[in-house]
Amino acid sequence: MINTNTNNINQLKSGFNTATPLNINWFQHTNVTNDFELSSQYVHICHQHKQEKKWLLFINPEETSIEKLAKTHGVDVSKILMVNYKSSVANRAKIALSQITSVLSKGNCSAVILSNSLFNADEIAELEISAKKGKTHCFLMEQCQLH
């Protein structure tokens, strides 16, 4: 017996399946101008991924913004991992791309949040490919200074 659910037929006709979206944006690049905006982005990401039973990996987070997550926004930090890479070049880090792409590809984290990291266009493309492969959301946060 064949079950013909009209919702499934309509979804196939439209090319869109609400259960598993075809065009998920696995990579997002966001510019923030201050710690408040950065903290707000962190909170949004944490709330967006709180139902998943995977890690949230923050690389080079602003410590003050992370501290605010638990204290003022009620974010459960038990599933948050933080890694800091230090660099003397203008307080920004050049992350080993192979390590990040490996984490993204494995899919053990629901999201990887990169702050204060420098990547060129080819490296960003690699991050996006790895994120899609591992179905891991990747957020690149750049703090820009207003003049």
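How close do the axes of helix H2 (residues 35–48) and helix H3 (residues 63–73) come, and at roughly what angle do they cross? In this predicted model, the two axes come within 9 Å and cross at roughly 55°.

## Overall architecture

The secondary structure of the protein chain comes to five helices and five strands, and, read from the start of the sequence to its end, these elements follow the pattern α-β-α-β-α-β-α-β-α-β. Of the 147 residues in the protein chain, 36% are buried. The protein chain exposes about 9,400 Å², and carbon and sulfur atoms supply 53% of that area. Among contacts between residues at least 6 apart in sequence, 75% join residues at least 24 apart.

## The H2–H3 pair

Two packed helices are described by the angle between their axes and the distance between the axes. For H2 and H3 the crossing angle of roughly 55° falls outside the ranges that count as roughly parallel, roughly perpendicular or roughly antiparallel, and H2 and H3 are therefore oblique to each other. The crossing of H2 and H3 is right-handed. On the H2 side, the residues that take part in the contact are Asp35, Leu38, Ser39, Tyr42, Val43, Cys46 and His47, and they meet Thr64, Ser65, Ile66, Lys68, Leu69 and His73 in H3. By residue class, the contact of H2 with H3 divides into six nonpolar, five polar and two charged residues.

Two glutamates of H3 can be placed relative to residues elsewhere in the chain. Glutamate 63 is in helix H3 and is partly exposed, with a relative accessible area of 37%; its C-alpha atom is separated by 9.9 Å from that of asparagine 84, which stands 21 residues apart from glutamate 63 along the chain. Glutamate 67, which also lies in helix H3, counts as partly exposed at 45% relative accessibility. The C-alpha atoms of glutamate 67 and serine 39 are separated by 9.3 Å, although the two residues are 28 apart along the chain. Serine 39 is itself one of the H2 residues in the contact with H3.

## The H4–H5 pair

Helix H4 covers residues 97–106, and helix H5 covers residues 121–134. H4 and H5 pack at an angle of about 25°, with their axes 7 Å apart; since angles under 35 degrees count as roughly parallel, H4 and H5 are therefore roughly parallel to each other. The contact brings Leu97, Ile100, Thr101, Leu104 and Ser105 of H4 to Glu123, Glu126, Leu127, Ser130, Ala131, Lys133 and Gly134 of H5. The residues of this contact between H4 and H5 divide into five nonpolar, four polar and three charged.

Which residues does threonine 101 contact, leaving aside its neighbours within four places in sequence? Threonine 101, which lies in helix H4, is in contact with Glu126, Leu127 and Ser130, and these three are among the H5 residues that meet H4. Threonine 101 is buried, with a relative accessible area of 12%. Serine 98, by contrast, is found in helix H4 but is exposed, with a relative accessible area of 55%. The C-alpha atoms of serine 98 and glutamate 123, 25 residues apart along the chain, are separated by 9.8 Å, and glutamate 123 is one of the H5 residues in contact with H4.

The C-alpha separations described for the two helix pairs are collected below.

| Residue pair | Separation along the chain | C-alpha distance |
|---|---|---|
| Glutamate 63 and asparagine 84 | 21 residues | 9.9 Å |
| Glutamate 67 and serine 39 | 28 residues | 9.3 Å |
| Serine 98 and glutamate 123 | 25 residues | 9.8 Å |

## Two loop residues with positive phi

Most residues other than glycine have a negative phi. Asparagine 60 departs from this pattern, with a phi near 55°, a positive value in a residue other than glycine. Asparagine 60 lies in the loop between strand E2 (55–59) and H3, where it is buried, with a relative accessible area of 6%.

Lysine 135 likewise has a positive phi, of about 50°, although it is not a glycine. Lysine 135 is found in the loop between helix H5 (121–134) and strand E5 (137–143). Is lysine 135 buried or exposed? At 56% relative accessibility, lysine 135 counts as exposed, whereas asparagine 60 is buried.

Methods. Residues are numbered from 1 along each chain as its sequence is written. This is a predicted model: local features need pLDDT of at least 70, side-chain atom pairs count only at pLDDT 80 or more; totals for chains, interfaces and linings use all residues. Side-chain values use heavy atoms; hydrogens and water are left out. Axes are lines fitted to C-alpha atoms, for helices over the stretch in contact, and angles run from 0 to 180 degrees between N-to-C directions. Helices (H or I, at least four residues) and strands (E, at least two) are DSSP runs, numbered from the N terminus. Angles under 35 degrees count as roughly parallel, over 145 as roughly antiparallel, 65 to 115 as roughly perpendicular and the rest as oblique. A crossing is left-handed if the near helix is turned anticlockwise from the far one by less than a right angle, and right-handed if clockwise. Contact means heavy atoms within 4.5 Å. Ala, Val, Leu, Ile, Met, Phe, Trp, Tyr, Cys and Pro count as nonpolar, Asp, Glu, Lys and Arg as charged, and the others, Gly among them, as polar. Buried means under 20% relative accessible area, exposed over 50%, partly exposed in between (1.4 Å probe, protein chains only). Accessible areas come from the Shrake-Rupley method with a 1.4 Å probe; for residues, only the protein chains shown count as cover.
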